[in-house]
Amino acid sequence: MTYLEKLNPWCIMRLQTNMQNQVVARFRRCSDAEAHLQVLCRLIPNVSFTLIFNVVLEQQDQTA
């Protein structure tokens, strides 16, 4: 997980039929993501998008 992904947890995902979903954009605020999602749905009506909150869990080093 990159630093950018940690700072921008709201993701717009493009839903594809082969279960290979694609991150289209990342946002820091939910309201920004929702506004961008509305624009995408108006501009590309034949493609399915969804908004998710991508929680990043830190893994601790267990080499003790």
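Is R26 buried, partly exposed or exposed? Select R26 in your viewer and keep that question in mind while you turn the model, which is a predicted one. R26 counts as partly exposed, because its relative accessibility is 22%, and a residue is called buried only under 20%.

**Stop 1: around R26**

R26 has its place in strand β2. Now add P9 to your selection. Along the sequence, R26 and P9 are 17 residues apart, yet their C-alpha atoms are 6.7 Å apart in space.

**Stop 2: the whole chain**

Zoom out and switch to a cartoon view. You can find two helices and three strands in the protein chain. Follow them from the N terminus and the order reads α-β-β-α-β. Of the 64 residues in the chain, 19% count as buried. Take the contacts with a separation of 6 or more: residues 24 or more positions apart account for 42% of them.

**Stop 3: the loop between β1 and β2**

Next, colour residues 10-15, which are β1, and residues 22-27, which are β2; M19 lies in the loop between them. What is the phi of M19? It is positive, at about 65°, although M19 is not a glycine. Here is some background: most residues other than glycine have a negative phi. M19 is exposed, as its relative accessible area of 69% shows.

T17 is in this loop too, between β1 and β2. With a relative accessible area of 83%, T17 is exposed. Add S48 and compare two distances: T17 and S48 are 31 residues apart in sequence, and 9.7 Å apart in space from C-alpha to C-alpha.

**Stop 4: helix α2**

Now select residues 30-43, the 14 residues of helix α2. At 1.5 Å a residue, this helix should span 20 Å, and its end C-alpha atoms are indeed 20 Å apart, so the two values agree.

Which residues of α2 are buried? They are A33, L37 and L40. These buried residues sit on the same side of α2, because they cover an arc of only 65° around the axis. A general rule helps here: an α-helix has 3.6 residues a turn, so residues three or four places apart point the same way.

Turn the helix around to see its other face. Away from the buried side, α2 carries the exposed residues Q38, R42 and L43. Then turn back and look at what covers the buried residues: β1, β2 and β3 (48-53) are included in that cover.

Pick A33 for a close-up. Leaving out residues up to four places away in sequence, A33 touches W10, I12, F27 and L51.

**Stop 5: the nonpolar core**

Show the side chains of I12, A25, F27, A33, L37, L40, V47 and F49. These eight residues make up the largest nonpolar core. Two elements, β2 and α2, give two or more residues to this core. Which element gives the most? It is α2, with three residues.

**Stop 6: a salt bridge**

How many salt bridges does the structure hold? There is one. To see it, select R29 and D32, whose closest N and O atoms are 2.6 Å apart. In general, side chains of opposite charge can pair when their charged atoms come close. D32 counts as partly exposed, because its relative accessibility is 32%.

**Stop 7: an aromatic pair**

For the last stop, show the rings of W10 and F53. The structure holds one aromatic pair, and W10 and F53 form it. The pair is edge-to-face, with 4.8 Å from centre to centre and 65° between the planes. W10 lies in strand β1 and F53 in strand β3, so the pair ties together parts that are 43 residues apart in sequence.

How accessible are the two partners? W10 is partly exposed, with a relative accessible area of 22%. F53 counts as partly exposed as well, at 45% relative accessibility.

Stay with F53 a moment longer. Not counting residues up to four places away in sequence, F53 touches P9 and W10. Finally, add C30: F53 and C30 are 23 residues apart in sequence, while their C-alpha atoms are 8.5 Å apart in space.

Key:
Residues numbered from 1 in each chain as written. Predicted model: local features only at pLDDT ≥ 70, side-chain atom pairs only at ≥ 80, totals over all residues. Heavy atoms only, no water. Salt bridge = Lys/Arg side-chain N within 4 Å of Asp/Glu carboxyl O. Buried < 20%, exposed > 50% of the residue type's maximum accessible area, 1.4 Å probe, protein only. Helix = DSSP H or I, 4+ residues; strand = E, 2+ residues; numbered from the N terminus. Expected span 1.5 Å × (residues − 1). Arc of directions from axis to C-beta. Contact = heavy atoms within 4.5 Å. Core = buried A, V, L, I, M, F, W, Y, C linked by side-chain atoms within 4.5 Å. Phe/Tyr/Trp six-rings, centres within 6.5 Å; stacked < 30°, edge-to-face > 60°.
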